[in-house]
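Reader: I should like a close look at the salt bridges of this structure and at their surroundings. Please give one connected account.

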Amino acid sequence: MNQVSFQEVYQTSTAGQFPRGQRAMTPDGREWVYGQAQSAVSTNGFIVVPDAVTSADLWSSSSDSQGRKVYLTRAASNMTVGQFADGVGVVDDGTGVGQTFKIRTNSATTLTLYPESALTTALSVSDSDLTFIVMSYWDPAAVTSKVQMTQGAVQVAFAAADYGYALTEGDGRVMAGIALEVGKGFVSGDDTIGQVTIATTAKGSYDEQYLGYAIVANAAADQGVLVRFEIRG
């Protein structure tokens, strides 16, 4: 695992310094993941992955100079350049179904794959369907839902499109919409975006995504609280 300094995990930048999704550890043993905010995230806010993109039909594939099928094109697309860099995808129906791939970058109409994940079967514009997602492209955690693809908590504020680190393992701070209890767990799904709430007794991981436990209780709702994050990457 890469090593990063305390300074690096407590600052953001407008340009990416590392691949999105890269894992790192600070000198104290805490673990972090590098990503980009799709929309602004408040200090100590929990972040989640936006929904996967499901795009039916009209996809074709083409090869690079070495004959590797690394270009997936849908002429009707209007993707933001670079939005799906470091994402993953699958051909989930039609010609070439079952193939998975890793995205290096994208233009408005074309996904460019890492050569190591080049397709072995060409796509057909008539029936090849794709679904793809970027696990390190973040939004604040949504309200009410106890099961989200929660990735960690930012320790500093992110503006929309900023790059930086979210804490996944170890001690840190998160905004809680309810007073948490020391030693007891917390989950997503407060009534304020980006905040957590107390875990429910007798619920399992299928019902709620366990995120960690409080180590110092907050005095009241809508305050920052010291917790131990336990989000397995």
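Author: What follows treats the salt bridges, and then the cores, a strand residue, a loop residue and a surface patch. The model is predicted, and the description below should be read accordingly.

General principle comes before detail. Side chains of opposite charge can pair when their charged atoms come close. Four salt bridges are present in the structure, and three of them are described here, beginning with the pair formed by Asp171 and Arg228.

The side chains of Asp171 and Arg228 meet at 2.7 Å, N to O. Since Asp171 belongs to strand β14 and Arg228 to strand β18, this salt bridge ties together parts of the chain that are 57 residues apart in sequence. Asp171 is partly exposed, its relative accessible area being 30%. Arg228 is likewise classed as partly exposed, with a relative accessibility of 34%.

Another salt bridge joins the side chains of Asp28 and Arg30, again with an N to O distance of 2.7 Å. Here the partners fall into separate classes: Asp28 is partly exposed at a relative accessible area of 43%, whereas Arg30 is buried at 11%. Arg30 is counted as buried because its value of 11% lies under the limit of 20%.

Glu181 and Lys184 also form a salt bridge, in which the closest N and O atoms are 3.2 Å apart. Glu181 has a relative accessibility of 39% and is partly exposed; Lys184, at 43%, is partly exposed as well.

The strands that carry Asp171 and Arg228 return in the description of the nonpolar interior. The largest nonpolar core comprises 23 residues, and Phe46, Val174, Phe186, Val227 and Phe229 have the most contacts inside it. Two or more residues of this core come from each of β3 (31-37), β4 (46-48), β14 (163-176) and β18 (223-230). Strand β14 supplies the largest share, five residues. Another core, of 16 residues, lies apart from this one and has Trp59, Val70, Leu123 and Leu130 among its members.

A polar residue, Gln151, merits attention next. Gln151 is part of strand β13, which spans residues 150-154, and it is buried, with a relative accessible area of 12%. Leaving out residues up to four places away in sequence, Gln151 touches Val33, Ile47, Val48, Val49, Met135, Trp138, Thr168 and Ile231. In addition, the side chain of Gln151 reaches the backbone oxygen of Met149 at 3.1 Å.

Leu130, named above as a member of the core of 16 residues, also serves to place a loop residue, Gly96. The C-alpha atoms of Gly96 and Leu130 are 9.9 Å apart, while the two residues are separated by 34 residues in sequence. Gly96 is found in the loop between β8 (88-93) and β9 (100-106). Although it is a loop residue, Gly96 is buried, with a relative accessible area of 14%. Its contacts, apart from neighbours within four places in sequence, are with Val91 and Thr121.

Finally, nonpolar side chains also appear on the surface. Ile215, Val216 and Leu226 form a nonpolar patch there, with a combined accessible area of about 220 Å². Within this patch, Ile215 belongs to strand β17, residues 212-216, and is partly exposed at a relative accessible area of 32%.

Definitions and conventions
Residues numbered from 1 in each chain as written. Predicted model: local features only at pLDDT ≥ 70, side-chain atom pairs only at ≥ 80, totals over all residues. Heavy atoms only, no water. Patch = residues over 30% accessible without salt bridge, like charges linked within 9 Å, V, L, I, M, F, W, Y side chains within 5 Å. Areas by Shrake-Rupley, 256 points an atom, 1.4 Å probe, with all protein chains shown as cover. Helix = DSSP H or I, 4+ residues; strand = E, 2+ residues; numbered from the N terminus. Buried < 20%, exposed > 50% of the residue type's maximum accessible area, 1.4 Å probe, protein only. Core = buried A, V, L, I, M, F, W, Y, C linked by side-chain atoms within 4.5 Å. Contact = heavy atoms within 4.5 Å. Polar contact = N/O pair within 3.5 Å; in protein donor to acceptor, adjacent residues only side chain to side chain.
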